[in-house]
Amino acid sequence: MRERNVMLLHYATGLAILLFGGIHIWTLFFTYPFQGTIWETTMRFDSMPYAILPVYRNTLLALSLLGLLVSTTIHAFNGLRIILAELIGKRNIWIERGLFAIGAFLVIYGTRTILIAHMLV
Amino acid sequence: MSQRVRWSTALQNLKTMLIPGKYGLERWSYTLQRVSGVVVSLYFIAHVLETGSFVGGVTVWAIPDYDFAERAYREAVSFLKNPIFDAGLAVIGLLVVFHTINGVRLVLAHFGLVLGSPRRREILETPASFSNRQRALFWLSISLAIFAMLYTLDALMGVFRP
Amino acid sequence: MEAVRFRVHRFRPEDGHRGSFREYQVPKKKGMTVLDGLIYIKENLDPTLSVRYSCRMAICGSCGMRVNGMEVLACNTQIVELEKKVITVEPMKNYPLIKDIVVDMSEFFVKQKNLKTWLIRKDVVEQENPTRQYAQTEEELEKILQFTYCIQCGLCYSACPVVSNLPQFLGPQALMKLYRYLADNRDEGEDRLAAVDKFEGVWRCHFAGSCSTVCPKGVDPALAIQLLRRAALK
């Protein structure tokens, strides 16, 4: 992959995080309390045993969470790749492969969490 | 090129990244963007692992039965109910908002949009890349980040509520 | 007469890896620059001190060094305007040290040369023996004029945090010079952008702005690199 496309991907995922992360925070505001704190509201264990938040039980919101997970992973691990290369003063193929492996694990594990929490599997 | 990592070089490079020196505002933006990016990345990894534990950890790959789900959920909640984590979330809110707005500023700068244009200039004039629009966006990111931190403290811990 | 204390970095390659600082008392004179102080030391106090300088008027770009932690041209820095009792003189960073405050700048020049920073025309015969004038309009000139003032003193290369961390990075000066020829409407060089579209190329600039802060000629390399990046992103 050319470095130009990596950079464009970095910008695109950054702007995608702005969108999906905004939705992610906005869903928390649905439950913003006027008495008590957000902790007591979001962490309440109602009759919904699997869904963490009642408002999250929505396939579109699950998809937006998935988008947030994937774009944040790409953005974060590309950033870490650049910072680590500048930290040790050269590119190291094993560091880049290791970062890719951790990122792939995070996407798979997070996708599983999203699917279970929204009762989609 | 050898693949060996020299620790003395890494330490020296870390110092260059973390100490802005007297080089001005943009150098501070470089350092802060870097630090906030790394800290938020670590938080993101922790967040994915932590939300995974809400549905029962690594061993669960399908919807579990009700009793197991309730127990896993209560364990995760009791682990997270800790004022240190709440204070940490306020710091994360600060860093996320700073990184976001400053990131938008950097994207605009990288596309040459908020910078001045090349022109005839005197030696002691401010460089066109240090334009007022670009610096205003930096200060906007700082102020919104501080606002976000106070808001998070209020939302999570009720600091500013009687 | 009032004196000023110079803490000068001393290093001899045969002494080992680390240099040390030696102090000198230099009498202050009106209009005295840091370079004048160093020349006074060399003439009267310590003839073994090595300094590289030539024109003494900020034209040649030979006397780049770090004075009190900032990259400056020593001939362009008045002792009075530093407002310090002690003046610390160090060599520039990111270059191999030769002696005292003299550094080896060959890599800096090689990086610039590899980018072919000169005017390239398809018609070489015409370029060598032009038959007419190739005039530019005022607008076309303003796009590149600021960047032509670069004197290759290497201060930006020393201040850049990315060059310090990633030695293969091309550096602010080479990228700025490439943009100067890319933006020139008389230039017909091909693949100018392909030369910087790699990991160590233009993408490693993080807009830390240190190059524009230290530039003694008002060139603003940070602006040129962002404009180069915009051209490469299109």
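**Three chains and their interfaces**

Let us start where chain A meets chain C: 3 salt bridges link the two chains, a salt bridge being a side-chain nitrogen of Lys or Arg within 4 Å of a carboxyl oxygen of Asp or Glu. One of them joins Glu3(A) to Arg204(C), with 3.8 Å between the closest N and O atoms. Please keep in mind that this is a predicted model, in which local features need pLDDT of at least 70 and side-chain atom pairs count only at pLDDT 80 or more, while totals for chains, interfaces and linings use all residues. Residues are numbered from 1 along each chain as its sequence is written, chains are lettered from A and ligands numbered from 1 in the order in which they are written, and side-chain values use heavy atoms, with hydrogens and water left out.

Staying with this interface, 6 residue pairs of chain A and chain C are in polar contact, both residues at pLDDT 80 or more. A polar contact is a pair of N or O atoms within 3.5 Å; within protein, one must be able to donate a hydrogen and the other to accept it, and residues adjacent in sequence count only if both atoms are side-chain atoms. On chain A, helix H1 (3–29) and helix H3 (59–88) are the elements that give two or more residues to the side touching chain C; helices (H or I, at least four residues) and strands (E, at least two) are DSSP runs, numbered from the N terminus. H1(A) makes the largest contribution to that side, with 5 residues. Sorted by class, the side has 5 nonpolar, 1 polar and 7 charged residues, where Ala, Val, Leu, Ile, Met, Phe, Trp, Tyr, Cys and Pro count as nonpolar, Asp, Glu, Lys and Arg as charged, and the others, Gly among them, as polar.

Chain A and chain C bury about 1,300 Å² between them, 57% of it on carbon and sulfur atoms; buried area is the accessible area (1.4 Å probe) that two parts lose on being put together, summed over both. Glu3(A), Arg4(A) and Glu86(A) supply 47% of what chain A buries here, more than any other three residues.

Glu86(A) also leads us to chain B, since it forms a salt bridge with Arg34(B), the closest N and O atoms being 2.7 Å apart. The count between chain B and chain A is 1 salt bridge. The contact (heavy atoms within 4.5 Å) takes 54 residues from chain B and 45 residues from chain A. About 4,300 Å² is buried between these chains, with carbon and sulfur atoms giving 71%.

Now turn to chain C itself. Its domain assignment, which is automatic or from a database, gives domain 1 (3–103) and domain 2 (106–233). Their centres, taken over C-alpha atoms, are 29 Å apart. Across this interface, 16 residues of domain 1 of chain C are in contact with 16 residues of domain 2 of chain C. The rule finds 0 salt bridges between these domains, yet 6 residue pairs are in polar contact, both at pLDDT 80 or more.

Finally, look at helix H5 (residues 138–148) of chain C, where Ile144(C), Leu145(C), Gln146(C) and Phe147(C) are buried; buried means under 20% relative accessible area, exposed over 50%, and partly exposed in between (1.4 Å probe, protein chains only). The cover over these buried residues includes helix H8 (172–182) and helix H10 (221–233) of chain C.
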